Each structure stands twice: as C-alpha cells, then as structure tokens.
Amino acid sequence: MPQPVIFVIDDDAGVTVALSGDLDRRFGEDFRVIGETSAAAGLATLRKLAKAGEPVALLIVDHDLSPMPGTEFLAQGHAMHPLAKRVLLVERDYSARSPVIEAMTLGQADYHITKPWLLEQDLYRVISEFLAEWAKDHQAGFELFHVVGRADRATHELRELLTRFNVPFRFHTATSRPGRQLLSDRRLDTGRLPVMIRHDGHTIVTPTLAEVVESTGGSISSDVDHCDVAIVGAGPAGLTAAVYAASEGLLTVTLEEAVSGGQAGNSPMIRNYPGFPHGVSGGDLTRRACEQAWMFGAHLVFSQRAVGLECQGGERVVHLAGGRQVAAKAVVVATGIAWRRLGVPRLEALVGSGVFYGAAGAEAQAMEGRDVFVVGAGNSGGQTALHLARYAQRVTMLVRGESLARSMSDYLVQEIEATGNITVRLHTEISDGHGTDRLEALTLCDRRRGRLERVPATALFVLIGGEPRTQWLPDTVQRRYGYLLTGRDVARDGTGAPCWPPGRAPLPLETSIPGVFAVGDVRYRSIKRVASAVGDGATAVRLVHEYLAAERPDERPLAVRT
Ligand SMILES: Cc1cc2nc3c(=O)[nH]c(=O)nc-3n(C[C@H](O)[C@H](O)[C@H](O)COP(=O)(O)OP(=O)(O)OC[C@H]3O[C@@H](n4cnc5c(N)ncnc54)[C@H](O)[C@@H]3O)c2cc1C
C-alpha cells in the first residue's frame with residue numbers, strides 16, 4: 001500500500017515550509033508530507049493522488065487561503081479524499097469571531113491547529129491524535145475475534161456489545177466466502193448463529209453476554225460481598241462515582257448489567273464535554289473512566305443485573321439476577337434510562353434487521369450509499385443523523401412536532417441545516433413498517449393532513465427518549481414519572497418511606513431511603529448530559545462520606561488508602 005499523505009497548504013510559503021518540515025521530521029517514516037502554496041496547484045496535486053489511489057490521511061489547510069477560502073478548499077479536497085481528516089489552520093484568536101467556530105459548527109472541519117504553533121511537542125501530540133483517529137476509522141488492525149452471523153437481532157446485539165466493549169473484531173455474513181470458510185473449518189453450519197471465533201481458535205456458538213464478557217477478560221462475578229459503597233450502573237455517572245469512591249479509600253463494587261459505558265458509550269461524538277475541543281467519542285471517554293476506576297481499585301463486575309434492594313439494619317443489600325447479593329454501607333443508583341419503544345409491532349419484530357434503538361455505532365459504516373431514517377428530535381437524534389450523513393446517501397429525520405429547535409441544541413440544528421444530505425420532515429410520524437427479514441419500507445403519516453405515504457427504507461434509527469430504569473427498586477424509593485426523587489424533593493413530597501429516620505433532612509442526592517443515592521439520568525430533574533452525570537457521580541461520593549460520618553461515626557471505611 002502506498003504511504004498515506006499528510007497534505008499541507010498555506011499561501012505563505014514560509015508557513016508551508018516550516019510546518020511541512022516539522023511534520024516530516026516526526027512523521028516522515030510513515031507518512032509522505034506534501035506542502036503546497038497555491039490553491040490551484042494544491043487541488044491539482046490532490047486530484048493526481050486520488051487518481052493514483054494514494055490515500056490522504058490529513059488535509060491541513062490555512063483558513064485565509066486565496067483566492068478560495070480554506071473551508072472551500074477543504075470541501076473540494078475532501079470530495080476527492082473522503083476518508084481524510086480535515087484540519088483548519090487558523091490564527092490564534094479566542095474570540096467568537098474566529099472562523100474555526102463556524103467551520104466546526106457547520107461540520108466543515110474535523111480539527112484545527114493555531115498559527116504560530118506552539119512547541120513542536122504540542123504540535124506532534126495533536127497531529128498524532130488526528131492520525132490515530134484517521135487510522136482507527138480506516139486501517140484494519142489486529143482482530144481479536146471473527147464474528148459470523150446474519151442480519152438478525154442476535155447478531156446485531158453481539159456486534160453492538162463488542163463495539164461497546166472496545167473489542168476489535170471482523171464481521172462476516174454467513175453467506176460470504178470467509179464466513180462459510182470459518183464455519184466449515186469448525187464443522188459448524190448456519191443453523192445456530194452468531195458464532196464468535198477468538199484469535200486463538202476458541203469458538204463460542206450463540207454467545208451469552210456473560211460468555212462475551214468472560215472471553216474478553218472482563219469479570220462477571222464479584223469476589224467482594226461486603227463493601228463500603230455499591231454502585232449500580234456503569235455509565236458516566238456510575239463510573240465517575242467509582243473513580244471518586246475508590247480513589248478516596250472506599251471499598252467500592254460497581255455492578256453493571258451489560259458492559260461499561262451506558263448510553264454515552266454508544267454516542268459516536270460528544271462535542272460538549274469540557275476538555276475536548278474537537279469532541280470525544282462516548283466510547284473512548286467511558287472506556288478511560290472504566291480503566292481509571294479499575295486503576296484506583298474499584299471492583300467492576302459486568303453482566304450483573306440488580307433486581308432488588310433492601311435495608312438490613314444499617315446495611316443496604318443489592319440483590320442480583322443470579323441470586324447473589326452485595327451488602328454495602330451506602331448504595332449509589334446510576335441506572336440511567338432505557339430508550340422508549342416505538343410500539344409498532346412490525347418494526348419491533350425487525351429490531352436488529354434494519355431497525356435500531358439508540359445511536360448508530362457499529363452500523364453507521366454499513367449505511368454507505370443508502371437511504372436511512374432517524375426518529376427523534378432531541379440532541380441524540382441530531383447527532384445520530386449527522387453521524388449517519390457521513391456514510392448514507394440520504395438521511396431523513398422524522399419529527400412529530402413543528403420544529404427541531406424546540407428540543408435540540410442550536411449548534412446541532414445549524415449543523416443539520418448545513419448538511420446537504422439530511423432532510424427534515426416535520427409533523428410526521430411512523431404508522432407502520434414493512435419487510436420480512438429486513439426493513440424494506442415505512443408508512444409515514446403526515447399528522448396535519450392525515451395522509452399516509454409508503455417510502456422505501458433501508459434502516460431506521462429510533463431515539464425518542466427513555467424510561468428511567470428504576471423498576472428493580474422497592475416502592476419505598478420515591479419517584480416521579482419513574483425518576484428517583486432526591487434531596488429537597490423527597491422532603492417536599494412527604495416522607496412516605498418507612499425507613500427514613502426523623503431528625504435529619506435527606507442529603508442533596510439522597511433518595512427516600514437513607515444511604516441510597518441517585519445520580520445521573522435516573523435522578524428526577526437531572527440534566528441528561530454526560531458532564532452533569534459525571535458531576536453527580538463525583539458529588540455523590542462526597543455525600544456518601546457525609547452520610548457515613550453522620551450515621552456511622554465510629555467506623556472507618558473498609559479499605560483505607562494512604
Ligand atoms: C446517542 C446519544 C447521544 C448523546 N449525546 C450526548 C452529548 O453529546 N452530550 C451529552 O452531554 N450527553 C449526551 N447524551 C446523553 C448522555 O449519554 C447521558 O446523559 C448519560 O449517558 C447519562 O449517564 P448515566 O450514567 O446517568 O446513565 P447511562 O449512561 O444510561 O448508564 C446507565 C447504566 O446502568 C446500567 N443499568 C441499568 N439498569 C441496571 C440494573 N438493574 N443493574 C445493573 N446495571 C444497570 C445500564 O446498562 C447502563 O450501563 C447522549 C445520549 C445518547 C443515547
């Protein structure tokens with residue numbers, strides 16, 4: 001394969017030479033660095049590279065290029081090299097007028113670097129990050145597993161799980177040549193799919209969640225049954241609580257019914273999380289938090305669903321689906337929300353076969369050149385539409401209401417309006433779905449005119465909000481609309497809970513059961529953002545300390561770290 005190219009263009013020859021030179025010194029072994037100083041010559045070079053099939057990894061383009069603006073050059077260059085990451089070179093200017101703000105908001109650039117660039121080491125660090133993102137998307141790496149399956153729910157769930165758990169794998173349909181070969185080598189047929197084959201030959205037919213977790217090195221049972229704090233749920237809120245609790249010396253057990261990450265783990269790009277000016281994939285963010293909690297000594301147990309909670313004297317006992325239990329001095333509930341269902345039976349039957357709940361993770365690339373639909377007018381619906389638009393031919397957003405602006409952040413509305421292959425159909429809902437093995441068409445209803453229309457559809461992504469995951473908790477935990485009441489809301493509601501002690505008001509994130517805290521999306525009045533879930537998780541640990549100090553003044557945490 002020819003060496004991938006890092007392409008730099010600035011009509012100030014001094015900048016081009018200096019930047020190309022810096023990049024060549026550091027990346028010249030693996031990449032060919034090409035510098036240009038005029039737009040016409042630059043486009044001619046990119047055309048030649050495209051014709052020769054030479055891949056371009058980065059397009060680094062000065063914003064003030066003339067006669068064509070840098071964003072226009074990026075658009076033309078990207079049309080020739082759609083896999084390249086687009087980097088805008090701008091003057092350092094921390095004002096809202098900086099061109100990079102518009103370029104990032106409208107999706108005209110993936111990243112930026114400022115001129116003059118700081119120390120070489122800073123430049124190298126950010127360029128390495130951009131290249132890593134490019135490589136992640138487009139270069140085949142080591143595959144831990146081969147998965148052979150078909151377009152059905154079980155295969156979809158397995159692919160989603162492996163993606164969420166960051167397990168490198170390659171998928172083959174059972175009818176493809178490699179798929180058939182992998183099955184026949186192991187004397188398997190297509191009767192029982194999916195099949196997971198590890199690099200060392202270990203093969204699992206129709207794997208369960210626990211088998212997947214175990215075969216990738218995760219832990220599925222807790223070796224600790226008494227702890228200081230049990231955290232239920234390993235999304236951003238639960239993972240943050242685990243990081244803080246373990247780092248502050250509390251013996252911490254985190255119980256997660258699937259794998260870590262929560263909803264955020266499925267989010268392809270979170271742009272509003274502080275510290276990531278170009279956005280961060282939710283999977284990356286939560287994976288790091290999970291590693292961090294583990295590094296501090298938290299016990300992370302996957303594939304363990306909490307099914308009950310009870311007070312036994314001073315202890316709070318979490319009951320697990322398999323019959324085991326974990327007793328803790330305090331419990332943090334971080335179980336988030338589950339997506340609401342569309343309630344169209346024929347579409348429910350096609351879940352995983354063209355109908356997907358939640359964001360497009362593993363599926364997005366498979367939508368190359370297809371017509372896809374997104375239902376949901378919140379931020380998650382908007383982000384999913386934008387992500388799909390990178391691959392699909394056309395993305396149609398179906399919105400029941402009269403505008404996107406009522407429920408979506410302004411920056412996303414702008415980005416959607418500026419994306420040519422996204423269409424928004426207002427006043428529209430889905431009344432039926434069609435297809436036997438796969439989704440083939442949808443019947444849409446125009447709510448104003450009451451008119452039905454059948455449209456061909458390859459895929460439907462549903463993001464219509466969710467139900468809080470609180471059904472497993474006893475009735476004594478007060479809730480509103482299913483969300484857990486905490487702090488002053490508990491007090492205002494009256495204290496119906498039998499084990500609430502008189503003489504003290506609930507702490508801010510404390511539920512109606514003393515010592516049981518609720519954090520993140522599951523909490524009534526929560527903000528439904530990653531950063532606020534993270535904030536809740538960290539705050540709850542401080543409150544757990546307060547609770548323990550007040551209720552158990554003579555006890556030290558089980559695991560005191562110095
Ligand atoms: C597609 C998408 C895009 C988004 N984009 C953004 C964005 O750009 N910016 C932003 O700020 N926010 C975004 N959000 C919202 C954000 O992801 C959530 O607010 C955040 O994940 C909430 O974190 P949480 O930890 O409270 O809950 P969750 O992330 O829902 O995690 C809850 C965890 O609890 C586990 N669990 C549930 N029940 C049980 C049980 N009984 N036993 C054990 N475990 C259980 C679940 O499996 C899950 O892992 C997005 C959400 C989605 C879906």
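Proline 194 sits in the loop between α7 (177–185) and β8 (195–198). The peptide bond that leads into this proline, from leucine 193, is cis, with omega near 0 degrees. Keep in mind that the whole model is predicted.

A second cis peptide bond joins lysine 115 and proline 116. Here omega is about -15 degrees. Proline 116 also belongs to a loop, the one between β5 (111–115) and α5 (120–138).

One more backbone detail is worth finding. Threonine 206 is not a glycine, yet its phi is positive, near 40 degrees. Look for threonine 206 in the loop between β9 (203–205) and α8 (209–215).

Now turn to the sheets. One open sheet has five strands, in the order β17-β24-β18-β19-β20. Their pairing is parallel. At the edges stand β17 (355–357) and β20 (422–425), and each of them pairs on one side only. Neighbouring strands in this sheet are turned by 20 degrees against each other on average, with direction ignored. Start at the β17 edge. Three bridges pair β17 with β24 (residues 459–462), in the parallel sense. Tyrosine 357 is a good place to look: its bridge partner in β24 is valine 462.

Another open sheet has three strands, ordered β21-β22-β23. This time the pairing is antiparallel. Why is one side of β21 and of β23 left without a neighbour in the sheet? Strands β21 (428–434) and β23 (451–456) stand at the edges and have a single partner strand each, so one side of each stays unpaired in the sheet. From one strand to the next, the twist averages 30 degrees. Strand β22 (residues 441–446) runs antiparallel to β23, and six bridges join the two. Among the paired residues is leucine 442, whose bridge partner in β23 is valine 455.

Next comes the ligand. Around the ligand are 36 residues. Which of them come nearest? They are Glu256, Gln263, Gln383, Asp521 and Val530. The backbone takes part in polar contacts here. A backbone N or O atom of proline 236 lies 3.2 Å from an oxygen atom of the ligand. For alanine 237, a polar backbone atom is 2.9 Å from a ligand oxygen. For glutamine 263, the distance from a polar backbone atom to a ligand oxygen is 2.8 Å.

How much of the ligand does the protein bury? Taken alone, the ligand exposes 1,000 Å², and the protein buries 96% of that. Several elements give two or more residues to the surrounding shell: α9 (236–247), β16 (337–339), α12 (379–389) and α15 (530–551). Sorted by class, the shell has 16 nonpolar, twelve polar and eight charged residues.

Finally, consider charge. Side chains of opposite charge can pair when their charged atoms come close. Counting a side-chain nitrogen of Lys or Arg within 4 Å of a carboxyl oxygen of Asp or Glu, the model has 24 salt bridges. One of them joins the side chains of arginine 469 and glutamate 257, at 2.8 Å from N to O. This pair links distant parts of the chain, 212 residues apart. Arginine 469 is in the loop between β25 (466–468) and β26 (479–480). Glutamate 257 is in the loop between β11 (252–255) and α10 (282–295).

Conventions. Residues numbered from 1 in each chain as written. Predicted model: local features only at pLDDT ≥ 70, side-chain atom pairs only at ≥ 80, totals over all residues. Heavy atoms only, no water. Pairing = 2+ DSSP bridges. Helix = DSSP H or I, 4+ residues; strand = E, 2+ residues; numbered from the N terminus. Axes fitted to C-alpha atoms, helices over the stretch in contact; angles between N-to-C directions. Near = heavy atom within 4 Å. Polar contact = N/O pair within 3.5 Å; in protein donor to acceptor, adjacent residues only side chain to side chain. Areas by Shrake-Rupley, 256 points an atom, 1.4 Å probe, with all protein chains shown as cover. Nonpolar A, V, L, I, M, F, W, Y, C, P; charged D, E, K, R; others polar.
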